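Here is a small set of exercises to work through with the model open beside you. Try each task on your own, then follow the solution step by step.

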Amino acid sequence: MAAPYRLISRLALVTGGGSGIGRAVCQRLAIEGASVVVADVSEESANETLRSLATGAGGAGGQRHVALRVDVSLKESVEGLVTGIQCEYFRPPCVCVSAAGITADDFLLRMEERHFDRVTQVNLKGTFLVIQAISRSLVASGAPKGSIITVGSIVGKVGNVGQGNYTASKAGVEGLTRTTAKELSKFGIRCNCVLPGFISTPMTDKVPHKVIDKITSMVPQGRMGEPAEVADVCAFLASDDSRYITGASIEVTGGLFIG
Ligand code: NAD
C-alpha cells in the first residue's frame, strides 16, 4: 500500500521497537514521514531497526531517527528515556506506541508467582509508566495534541490456555487505555488500543507448530497476520485520519474470535 505521508514533522516513540510488531511500526511511521525514537531493552535490536528506517519523507524539517535503550518495567529507566528524547529533539513525542511485551506461559495450576509478576510488570505496568511519562511531558510542553497507542491482545478479551499472566496483563492494558482516553481528552491526547490476534513474530516463533496449525485453522482468513498489518492500523491511529477516535480497541485478527 502506498504511504500517504500523514506523519510529516511528527516525532514518534515506539517501545519494543527492536523486534516484530514494534519494528514494523517504526518502519511504517518512518515511511509516513515521522522521526522515530526506537526504544527497546535490547540496544542491539533497536539499532538494527534504526538502520532499516526510511529517511526521505520528512518534509522541510527532515527526518532524524534515534535508538535508545529502555526497560519499560522500571520507572527510572522510562524517565531516563523521556529525558533522552528531550535532549535529542527538545520536544516530547506526539505519537507513542507502547509495543514492548513478553510472555512466560504456563498452566494456572503450575504458574510461578515470579512469572506472573514479570509479565504484568513489563506488559501492564510498563505500559502505565510509558503512558504516564509521555502524557506528563506532552501536557507540560503545551503540545496541542498527542496520540498514544497501546498494544493489547485478542486473548486479553477471550482468555487463552497457558497464558493467565499474559491475558490478565493485556486485559489491564485495555482498561488503562480507556481510562487514559477519558482523563486526557481535555489535553488533546487520544489513546487507543490495538488487539492483534496471532501475528508472525519472534514471540509466536516460540509456539509449537501444532498449536500454530490449530490456531490458523480457526482464523476465518486462514492465516497468521504479518507485523506490517498491525503497523498499518497503528499508523492510522497515530494520524489525524483517526482524530475522532479515542478509547477504542481495534482487533487485527483476520476474524479470529469474532461473534
Ligand atoms: P517480539 O518479542 O518480537 O518483540 C517484543 C519486543 O519488546 C522485543 O524487541 C523486546 O526486546 C522488547 N521488550 C521486552 N521486554 C522489554 C522491556 N522490559 N522494556 C523494553 N522493551 C522490552 O514480540 P511481538 O510479537 O512483536 O510483540 C509486540 C507486542 O505485541 C507485545 O506487546 C505483544 O504482547 C503484542 N502482541 C503480539 C501478538 C503476536 O501474535 N505476536 C499478539 C498479540 C499481542
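**Exercise 1. The shell around the ligand**

Work out which residues come nearest to the ligand, and which polar contacts they and others make with it.

*Solution.* Keep in mind as you go that this is a predicted model.

Step 1. Start with the shell: 28 residues surround the ligand, and Ser19, Ile21, Asp40, Tyr166 and Thr201 come nearest.

Step 2. Now look for N and O atoms of the protein that lie within 3.5 Å of such atoms in the ligand. The side chain of Thr201 places an N or O atom 2.5 Å from a ligand oxygen. For Ile21, a backbone N or O atom is 2.7 Å from an oxygen atom of the ligand. Val72 also takes part through its backbone, with a polar atom there lying 3.0 Å from a ligand nitrogen.

Step 3. Next, consider the cover. On its own the ligand has 820 Å² of accessible area, and the protein covers 92% of that.

Step 4. Assign the shell to elements. Two or more residues each come from α1 (20-31), α6 (164-184) and α7 (202-205). The largest contribution is that of α7, with three residues.

Step 5. Finish with the classes: the shell has 15 nonpolar, 10 polar and three charged residues.

**Exercise 2. A second pocket**

Describe the second largest pocket by its volume, its lining and the helices that take part.

*Solution.*

Step 1. The volume of the second largest pocket is about 190 Å³.

Step 2. Its lining consists of Phe128, Ile131, Gln132, Ser135, Arg136, Leu176, Thr179, Thr180, Glu183 and Leu184.

Step 3. Two elements, α4 (113-141) and α6, each provide at least two of the lining residues. You have already met α6 as a contributor to the shell around the ligand.

Step 4. Sorted by class, the lining comprises four nonpolar, four polar and two charged residues.

**Exercise 3. Positive phi outside glycine**

Locate Ser9 and Phe90, give their phi values, and decide how exposed each one is.

*Solution.*

Step 1. Ser9 sits in the segment before β1 (11-15). Its phi is positive, about 70 degrees, although Ser9 is not a glycine.

Step 2. Ser9 has a relative accessibility of 49%, so it counts as partly exposed.

Step 3. Phe90 belongs to the loop between α3 (75-89) and β4 (95-98). Here phi is near 60 degrees, again a positive value in a residue other than glycine.

Step 4. The cut-off for exposed is over 50% relative accessible area. Phe90 has 69%, so it is exposed.

**Exercise 4. Two loop residues**

Are Val219 and Ser239 buried or exposed, and what does each approach?

*Solution.*

Step 1. Place Val219 in the loop between α8 (209-218) and α9 (227-238), and Ser239 in the loop between α9 and β7 (249-252).

Step 2. Apply the cut-off for buried, under 20% relative accessible area. Val219 has 7% and is therefore buried. Ser239 is at 0%, so it counts as buried too.

Step 3. Follow Val219 along the chain to Gly255, 36 residues apart from it; the C-alpha atoms of the two are separated by 6.0 Å.

Step 4. Turn to the side chain of Ser239, which reaches the backbone nitrogen of Asp241 at 3.1 Å.

Methods
Residues are numbered from 1 along each chain as its sequence is written. This is a predicted model: local features need pLDDT of at least 70, side-chain atom pairs count only at pLDDT 80 or more; totals for chains, interfaces and linings use all residues. Side-chain values use heavy atoms; hydrogens and water are left out. A residue is near a molecule or strand if one of its heavy atoms lies within 4 Å of it. A polar contact is a pair of N or O atoms within 3.5 Å; within protein, one must be able to donate a hydrogen and the other to accept it, and residues adjacent in sequence count only if both atoms are side-chain atoms. Accessible areas come from the Shrake-Rupley method with a 1.4 Å probe; for residues, only the protein chains shown count as cover. Helices (H or I, at least four residues) and strands (E, at least two) are DSSP runs, numbered from the N terminus. Ala, Val, Leu, Ile, Met, Phe, Trp, Tyr, Cys and Pro count as nonpolar, Asp, Glu, Lys and Arg as charged, and the others, Gly among them, as polar. On a 1 Å grid over the protein atoms alone, a cavity is a set of points where a 1.4 Å probe fits but cannot get out, and a pocket is an open set with protein on both sides within 12 Å along at least five of seven lines; lining residues have an atom within 4 Å of a point. Grid points are joined across faces, edges and corners, and a volume is the space filled by probe spheres set on the points. Buried means under 20% relative accessible area, exposed over 50%, partly exposed in between (1.4 Å probe, protein chains only).
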